[in-house]
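Biologist: I am new to this structure and would like a close look at one part of it. Please pick a starting residue, work outward from there, and explain how the surrounding pieces meet.

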Amino acid sequence: MIAEMVNNAADRKTESGATRKTTRREDRWIVRQALVDPTVTLSTIRADVGVATVPQTISRHLAEANLKSKRTFRALPLTLEHRQLRLQACQSR
């Protein structure tokens, strides 16, 4: 019975193609991390899972769950006033 409960990644063959590198438990962990914190990066998820995978693997697992890893804003969008000021500064050059 215990042998049945052990989920070996090498046994996870899905139709055609290569075998899965992650277990079902790791797949659930990947999806759970994206649900808990939508701004988490692929590299952070990969480091937390602890499996040697490429970022495309994490992206594929999230896509299978209809999720995406969202990136944080590098900078807030400019307000209308700031855009107009920047436009005036560029036109005055």
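**From a loop to the helices around it**

Modeller: Ala52 counts as exposed, because its relative accessibility is 79% and the cut-off for exposed is over 50%. Please keep in mind that this is a predicted model. Ala52 sits in the loop between helix 3 and helix 4. Along the chain, Ala52 is 30 residues away from Thr22, yet the C-alpha atoms of the two are 9.1 Å apart in space.

Before going further, some context for the whole chain. The protein has 93 residues, and 20% of them count as buried. Its secondary structure consists of five helices and zero strands, so the order of elements from the N terminus reads α-α-α-α-α. The accessible surface amounts to about 7,900 Å², and carbon and sulfur atoms hold 55% of that surface. Among contacts with a separation of 6 or more, 39% join residues 24 or more positions apart.

Now to the two helices on either side of the loop of Ala52. Helix 3 and helix 4 pack with their axes 9 Å apart, at an angle of about 95°. The two helices are therefore roughly perpendicular to each other, since angles from 65 to 115 degrees are classed that way. On the side of helix 3, the contact is made by Leu42, Ile45 and Arg46, and on the side of helix 4 by Pro55, Ile58, Ser59 and Leu62. By type, the residues of this contact divide into five nonpolar, one polar and one charged.

Two of the helix 3 residues in this contact, Leu42 and Ile45, can be followed further. Leu42 is partly exposed, as its relative accessible area is 22%. Its C-alpha atom is 9.7 Å from that of Lys68, a residue 26 positions away along the chain. Lys68 belongs to the loop between helix 4 and helix 5 (80-92). With a relative accessible area of 69%, Lys68 is exposed.

Ile45 leads inward instead, to the largest nonpolar core. Leaving aside residues up to four places away in sequence, Ile45 touches Ile30, Gln33, Val40, Ile58 and Leu62. The core has eight residues in all: Ile30, Ala34, Val40, Ile45, Val49, Val51, Ile58 and Leu62. Helix 2 (24-36), helix 3 (42-49) and helix 4 (55-64) are the elements that give two or more residues to this core. In soluble globular proteins, nonpolar side chains tend to be buried together.

That brings in helix 2, which also packs on helix 4. Here the axes are 9 Å apart and the angle is about 75°. Helix 2 is thus roughly perpendicular to helix 4. The residues that meet are Asp27, Ile30, Val31 and Ala34 from helix 2 and Ile58, His61 and Leu62 from helix 4. This contact of helix 2 with helix 4 divides into five nonpolar residues, one polar and one charged.

To put the part together: Ile58 and Leu62 of helix 4 take part in the contact with helix 3, and Ile58 and Leu62 also take part in the contact with helix 2. Both residues belong to the largest nonpolar core, and both are touched by Ile45. Ala52, where this began, lies in the loop between helix 3 and helix 4 and counts as exposed.

Key
Residues are numbered from 1 along each chain as its sequence is written. This is a predicted model: local features need pLDDT of at least 70, side-chain atom pairs count only at pLDDT 80 or more; totals for chains, interfaces and linings use all residues. Side-chain values use heavy atoms; hydrogens and water are left out. Helices (H or I, at least four residues) and strands (E, at least two) are DSSP runs, numbered from the N terminus. Buried means under 20% relative accessible area, exposed over 50%, partly exposed in between (1.4 Å probe, protein chains only). Contact means heavy atoms within 4.5 Å. Accessible areas come from the Shrake-Rupley method with a 1.4 Å probe; for residues, only the protein chains shown count as cover. A nonpolar core is a set of buried Ala, Val, Leu, Ile, Met, Phe, Trp, Tyr and Cys residues joined through side-chain atoms within 4.5 Å. Axes are lines fitted to C-alpha atoms, for helices over the stretch in contact, and angles run from 0 to 180 degrees between N-to-C directions. Angles under 35 degrees count as roughly parallel, over 145 as roughly antiparallel, 65 to 115 as roughly perpendicular and the rest as oblique. Ala, Val, Leu, Ile, Met, Phe, Trp, Tyr, Cys and Pro count as nonpolar, Asp, Glu, Lys and Arg as charged, and the others, Gly among them, as polar.
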